[in-house]
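User: I would like a close look at one part of this model, with its surroundings described afterwards.

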Amino acid sequence: MSMFGQVHKFGDDINTDYIIAGKYRSLSGDMAKMATKIFADLDPDFYQKIQPGDFIVGGENFGCGSSREYAPRVILESGLKAVLAKSFARIFYRNSINIGLPVIICNTDGIEAGDQLEIDLELGVIRNLDKGTEEKITPYPAIINTILSKGGLLEYLKSDNFS
Amino acid sequence: MGQTIVEKIFSAHCGQEVQANDLVMANVDLVLGHDYNGALTIDIFNELNKPLCDKDKVIFVMDHVVPSPSEDYSRLQGKVRRFTAEHEIKLYEMGDGICHQLLPQNGHILPGDLIVGTDSHTCTYGALNAFSTGVGSTDMVAVLATGKLWFRVPETVKIFLNGKLPEGVYAKDIILYLLGQLSAKGAIYEAIEFSGPVIDNLEIDDRLTVSNMVVEMGAKAGIMPGDEKLITWLKSRTDREVNLVKPDEDAVYKKVMHFDLSNLVPQVAKPHNVDNVTDLAEVIGAKVNQGVLGTCTNGRIQDLRIAAEILRGKTIARGFRLLVIPASREILIQAIHEGIIEDLLNAGATVLPPGCGPCAGAHGGVPDDGEVVLSTANRNFKGRMGNNQAFIYLASPAVVAASALTGTVVDPREVF
Ligand code: SF4
């Protein structure tokens, strides 16, 4: 099944403090409220610019810094559907998979802000509908596929104790 | 085939020989949570609705936003207090100190252990010859319920630190320098194995400073081989048997790097990236409004001693604010005994209770718009200390203390 959406583009080394700053943790009892502060230190109006189904596209080392799982959670909560980057920081990568947010490793150089993408995770391709180009997705290892197919690690654990 | 330290630790925790890049299910010795991510972890655990696997493998620490500045924080912390009481889980209360100080200091970490925590600086314990790394709340729930977690065994980069560290140059300068050399993405998914005479000569406190910041290069762990010095240090903190894990002579490394640090000079990471590192000389004289001496990187007794030596009998610059946050209650008491706290207070410093202090920007010590903060912490991201209009520089305790005297960046080697 394909996902369609528009791109919000970022550069290298986007850290989890930028995704959701530490000072907003007091809002964590209310994820919907917390999500309104997504990327607020970089762009106070960012939340208003998101359309449900949009994608985040970064460069190298996306999600570095703090281990806060709130970072991928506010991304999902804001209606964003996937994050694409050339590489991810490992904790953010795990956290995203664990909560069922697809994190996609691919060459993001040619993708610009506002581009319309079609992403097909099963076929492993990203089509840039504005540029008419196609990128291959680096396939996931089996364990990640299993977790994602269950909808996250929590659902996996409900059915299986890592046996 | 020979194994790295990391491959040996994972093999011991998987019940079979493993090597780099294997995807494995490993038994975890200890899992750490704190007040910052604790409430989320507990919510997920409750949703899973399974019994706790082993309460003795779990520690929570109240360190990030203490004492609570608001009712919202108090509710989040209350949840951690009730959960740990109900399940009889070990809880370090506010004022006890920062998790990454308490776990090593109180003998919870042994060489060869496999530890995860919902904090990215869990990598600190690599200095004790353990494998430790940060994870998220859902991963922590997996460990709470099963005692296990899946990992990709990381490839190891071996870094030899050769030569002899000059006077006035510290562990913080070493790790800042390496960050500048390798960059914030220089070691993504990799483990770093440190070795060489510079590491051998460091005290354990200083080794913790180095391992603490490997996550700033993206590394999964920053592990050290351990030696007699480590064994002696651990013996004063635990009765458990200490067995070092050494790499095999023919272990396979992704890369081997050598650095000679004999001519290293004080370093600084400029705003707003941890790898924006230069020689301190480049920013000498820049105006600074606030100094932060503390955090899990540099809030240990040795750090406070260095600051006290610089500030004893002197007064910090008018208008400059120096925040001192000992990393644990034990360190604070020791600093009181040694007269360090009195020296720092007399010089004009403000001492905050043991904990993370202003490091994560949630309370106490948020800078004003346009202000410059010189901090001994590990991150200088825009907004990190709670105001995205402020500028954070990272340096050693000596640089922070020396700069407090003039309110501008000063080379500590000129103050001693
Ligand atoms: S001192 Fe700072 S970096 Fe260390 S655990 Fe606390 S908030 Fe995190």
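How much area is buried between domain 1 of chain B and domain 2 of chain B, and what percentage of it do carbon and sulfur atoms give?

Analyst: This is a predicted model, and in it the area buried between domain 1 of chain B and domain 2 of chain B comes to about 3000 Å², with carbon and sulfur atoms giving 58% of it. The two parts are set by the domain assignment of chain B, which places domain 1 at residues 5-260 and domain 2 at residues 269-414. Their C-alpha centres lie 24 Å apart, and across the boundary 40 residues of domain 1 of chain B are in contact with 35 residues of domain 2 of chain B.

The boundary also has to be read together with the nonpolar interior. The largest nonpolar core has 202 residues, and those with the most contacts inside it are A:Ile19, A:Phe62, A:Leu84, B:Phe10, B:Leu161 and B:Phe194. Because domain 1 (5-260) and domain 2 (269-414) of chain B both give residues to this core, it lies between them. A second, separate core consists of five residues, among them B:Val65, B:Tyr73, B:Ala360 and B:Ala362. Returning to the largest core, B:Phe194 can be followed in detail: leaving aside residues up to four places away in sequence, B:Phe194 touches B:Ile159, B:Leu161, B:Leu178, B:Ile199, B:Val210, B:Val214, B:Gly222, B:Ile223, B:Met224 and B:Pro225.

The contact between the two chains can be described in the same terms. Chain A and chain B bury about 4200 Å² between them, 55% of it on carbon and sulfur atoms, and 41 residues of chain A are in contact with 48 residues of chain B. Of the area that chain A buries against chain B, A:Arg25, A:Arg90 and A:Arg94 supply 19%, more than any other three residues.

On the chain A side, A:Leu84, one of the residues with the most contacts inside the largest core, has A:Ile104 in β4(A) as its bridge partner. Strand β3 of chain A, residues 82-85, pairs with β4(A) in the parallel sense over three bridges. Both strands belong to an open sheet of seven strands in chain A, ordered β4-β3-β2-β1-β5-β6-β7 and with mixed pairing. At its edges stand β4 (103-105) and β7 (133-136) of chain A, each with a single partner strand, so one side of each is left without a neighbour in the sheet. From one strand to the next, the twist averages 30 degrees.

Key
Residues are numbered from 1 along each chain as its sequence is written. Chains are lettered from A and ligands numbered from 1 in the order in which they are written. This is a predicted model: local features need pLDDT of at least 70, side-chain atom pairs count only at pLDDT 80 or more; totals for chains, interfaces and linings use all residues. Side-chain values use heavy atoms; hydrogens and water are left out. A nonpolar core is a set of buried Ala, Val, Leu, Ile, Met, Phe, Trp, Tyr and Cys residues joined through side-chain atoms within 4.5 Å. Buried means under 20% relative accessible area, exposed over 50%, partly exposed in between (1.4 Å probe, protein chains only). Domain bounds come from an automatic or database domain assignment. Contact means heavy atoms within 4.5 Å. Two strands pair if DSSP finds at least two bridges between them. Helices (H or I, at least four residues) and strands (E, at least two) are DSSP runs, numbered from the N terminus. Axes are lines fitted to C-alpha atoms, for helices over the stretch in contact, and angles run from 0 to 180 degrees between N-to-C directions. Buried area is the accessible area (1.4 Å probe) that two parts lose on being put together, summed over both.
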